[in-house]
Amino acid sequence: MKQFGAKILAAVLAMTLLPGLAAAQEVSRERIVTGLNKLTAAAPIIDVEVLRQEALNSGGTEMSGLPNWSKIEKLPQMVVEIDFENNSVAIEPKSYRTLGMIADALHHPNLWAYKFLIIGHSSSTGGEKRNMELSEQRAAAIREALATTFAIDPGRLYAIGVGQSFPIPGSDSKAAANRRVQLVNLGIFRK
């Protein structure tokens with residue numbers, strides 16, 4: 001389907017969701033470690049299912065206006081661009097370099113103790129239900145690749161798709177830039 005295009009990106013973009021930070025930047029392990037290692041206080045307890053329900057029922061409300069998503073906005077995070085095959089959950093081979101850098105960062109001593117949330121977003125091109133399903137499946141595919149190919153403990157990784165619920169503020173909701181993946185530091189991982 002056209003709405004998902006093959007492109008979901010290939011670089012780490014920003015440390016927050018502010019629209020001014022949505023420009024492409026060079027990816028490096030150091031940048032990822034630095035960006036995700038800014039947790040200065042205890043992270044709130046996040047229930048992924050509650051987040052999913054809030055996204056489904058957001059009705060155009062921005063993240064900052066939703067009780068649990070507003071907690072996510074305050075945590076260290078970055079936007080990651082990963083390419084998928086068109087209308088598919090198959091990660092483009094060229095994006096494995098980016099995934100490898102993310103994995104290297106998550107294995108870094110500064111980040112190894114943390115757990116992370118992978119959030120899949122779509123543009124609003126196409127059907128809302130399909131956008132939600134595909135963003136969910138793509139976030140899960142990234143989690144699976146990090147766990148199986150790059151040996152990240154799957155217990156440290158959570159995945160959720162939010163479809164077109166949260167376009168970049170101030171952007172055209174159909175813009176390709178809204179097809180993105182966020183990584184969020186959820187705080188200390190405890191087995």
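**Exercise 1.** Work out which hand the crossing of α1 and α4 has.

*Solution.* The crossing of α1 and α4 is right-handed, meaning that the near helix is turned clockwise from the far one by less than a right angle. A word on the model: it is predicted, local features need pLDDT of at least 70, side-chain atom pairs count only at pLDDT 80 or more, and totals for chains, interfaces and linings use all residues. Numbering starts from 1 along each chain as its sequence is written, and side-chain values use heavy atoms, with hydrogens and water left out.

**Exercise 2.** Describe how the axes of α1 and α4 are placed.

*Solution.* Start with the recipe: two packed helices are described by the angle between their axes and the distance between the axes. Here, α1 (residues 29–36) and α4 (residues 96–107) have axes that come within 8 Å and cross at roughly 50°. That makes α1 oblique to α4 (neither under 35 degrees, nor over 145, nor 65 to 115).

Next, who touches whom? On the α1 side, Arg-29, Ile-32, Val-33 and Leu-36 meet Met-101, Ile-102, Asp-104, Ala-105 and Leu-106 of α4, with contact meaning heavy atoms within 4.5 Å. Sorted by type, the residues of this contact give 7 nonpolar, no polar and 2 charged.

**Exercise 3.** Put the helix pair into the whole chain: what pattern does the chain follow along the sequence?

*Solution.* Count up 5 helices and 4 strands, then read them off in order: α-α-α-β-α-β-α-β-β. Of the 191 residues, 50% are buried (under 20% relative accessible area, 1.4 Å probe, protein chains only). Finally, take contacts between residues at least 6 apart in sequence: 78% of them join residues at least 24 apart.

Methods: Helix = DSSP H or I, 4+ residues; strand = E, 2+ residues; numbered from the N terminus. Axes fitted to C-alpha atoms, helices over the stretch in contact; angles between N-to-C directions. Nonpolar A, V, L, I, M, F, W, Y, C, P; charged D, E, K, R; others polar.
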